[in-house]
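I opened the model to take notes on it. I began with confidence, then turned to fold, core, surface and charged pairs.

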Amino acid sequence: MYSILIIYFVGGFIAFCVWFSVFIQDSSTPLTESRSWIVLLLATILWPITVPASFVELFKKERKLQPELRPVSSSNALPLGYLLRVAGLLSESQVSQALEVQKASRNSMRIGEIIASYGWLQQETIDFFANALAQNKTQPQKRIGEYLKSAKLLNEQQVRAILDEQRQTDLRFGEIAVMKGWVKPETVNFILDYLQEQSLLVPSY
């Protein structure tokens, strides 16, 4: 009996740490929402049930995510929702929510329109990943700053500030943009990896 209690409390502690980490990182869930904390507490208490159920639900989401994402313009392009999620611009829960809305509208709304309507991303950013990114793949490579500016992830003032700092340091353009908190490293690396189809260090602007 004593060993069962130890297993229960240790498992509950581990489950709480994992779910709390996911809860903190999920920008779509406000930290001030009391219901979210209640759900977190109940899920921890009932972890022998909720943990297996979570794995089943996660498996279902992964299986249905790819088929339901609306592809971008070219037939061999990656799905828009997938691109935005891997690029660190949307969370998995946001993509899933957009897909549910799209499903409820019977596919009458594009996933990009839904994302823009929620205000998660600017329309220019969505258009860049939906169309311009694939088009740039067949064109001469530009500097990373130009892509970030085209995607409206950086403005002209931010680009100039990064260039000024770059002249005074040995840091690369993307590294400075990430250090300033203006873009995520996942976004910079994803754009480079997608265009070049290999892992590269962030080049100079």
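**Confidence.** I noted at the start that this is a predicted model. Mean pLDDT for the protein chain is 78, with 74% of the residues at 70 or more. I then looked for the weak stretches. One is residues 64–76, where pLDDT stays under 50. Another is residues 198–205, also with pLDDT under 50 throughout. For residues 64–76 the model has 29 contacts beyond four places in sequence, and for residues 198–205 I again read 29 such contacts. I am not using those contacts, because coordinates should not be read in detail where pLDDT is low.

**Fold.** I counted secondary structure next. The protein chain has eleven helices and zero strands, so the order along the sequence reads α-α-α-α-α-α-α-α-α-α-α. Of the 205 residues, 34% are buried. I looked up the contacts with a separation of 6 or more: 59% of them join residues 24 or more positions apart. The accessible surface of the chain is about 12,800 Å², and carbon and sulfur atoms hold 58% of that.

**Core.** Which residues have the most contacts inside the largest nonpolar core? I found Phe129, Leu148 and Ile191, in a core of 37 residues. Helices that give two or more residues to this core are α4 (80–86), α5 (92–104), α6 (111–117), α7 (123–136), α8 (144–150), α9, α10 and α11. The most comes from α11, which gives six residues.

I took Leu148 as a closer example. Leaving aside residues up to four places away in sequence, Leu148 touches Leu153, Leu154, Phe173, Val183, Val188 and Ile191. Ile191 is thus on the contact list of Leu148 as well as among the residues with the most contacts inside the core.

I also checked Leu195, which lies in helix α11. Its relative accessibility is 13%, so Leu195 counts as buried. The C-alpha atom of Leu195 is 7.4 Å from that of Asn136, although 59 residues separate the two along the chain.

**Nonpolar surface.** I then looked for nonpolar side chains left on the outside. Tyr2, Ile6, Val10, Phe13, Ile14 and Val18 form a surface patch with about 640 Å² of accessible area together. I picked out Ile6, a residue of helix α1 (residues 2–25). Ile6 has a relative accessible area of 38%, so I logged it as partly exposed. A residue needs over 30% to be counted in a patch, and Ile6 at 38% meets that.

**Salt bridges.** How many salt bridges does a search of the whole structure find? The search returns four. I took three of the pairs in turn.

Lys149 pairs with Glu156, with their closest N and O atoms 2.2 Å apart. Both ends are partly exposed: Lys149 has 34% relative accessible area, and Glu156 has 32%.

Asp164 and Arg167 form another salt bridge, at 2.7 Å from N to O. They are three residues apart in helix α9 (residues 156–168), so about one helical turn separates them. Asp164 is partly exposed at 40% relative accessibility, while Arg167 is exposed at 62%.

Lys180 forms a salt bridge with Glu165, the closest N and O atoms being 2.9 Å apart. This pair links distant parts of the chain, with Lys180 in the loop between α10 (173–179) and α11 (185–196) and Glu165 in helix α9, 15 residues apart. I logged Lys180 as partly exposed at 34% relative accessibility and Glu165 as partly exposed at 25%. I also found that salt bridges with shared partners join Lys149, Glu156 and Arg160 into one network.

**Backbone.** Last, I looked up positive phi values outside glycine. Arg106 has a positive phi of about 60°. Arg106 sits in the loop between α5 and α6 and is exposed, with a relative accessible area of 76%. Lys152 is another entry, with phi near 60°. Lys152 lies in the loop between α8 and α9, and at 43% relative accessibility I logged Lys152 as partly exposed.

Notes: Residues are numbered from 1 along each chain as its sequence is written. This is a predicted model: local features need pLDDT of at least 70, side-chain atom pairs count only at pLDDT 80 or more; totals for chains, interfaces and linings use all residues. Side-chain values use heavy atoms; hydrogens and water are left out. Patches are made of residues with over 30% relative accessible area and no salt bridge: like charges are joined within 9 Å, nonpolar side chains (Val, Leu, Ile, Met, Phe, Trp, Tyr) within 5 Å. Accessible areas come from the Shrake-Rupley method with a 1.4 Å probe; for residues, only the protein chains shown count as cover. Helices (H or I, at least four residues) and strands (E, at least two) are DSSP runs, numbered from the N terminus. Buried means under 20% relative accessible area, exposed over 50%, partly exposed in between (1.4 Å probe, protein chains only). pLDDT is the predictor's confidence in each residue, from 0 to 100. Contact means heavy atoms within 4.5 Å. A nonpolar core is a set of buried Ala, Val, Leu, Ile, Met, Phe, Trp, Tyr and Cys residues joined through side-chain atoms within 4.5 Å.
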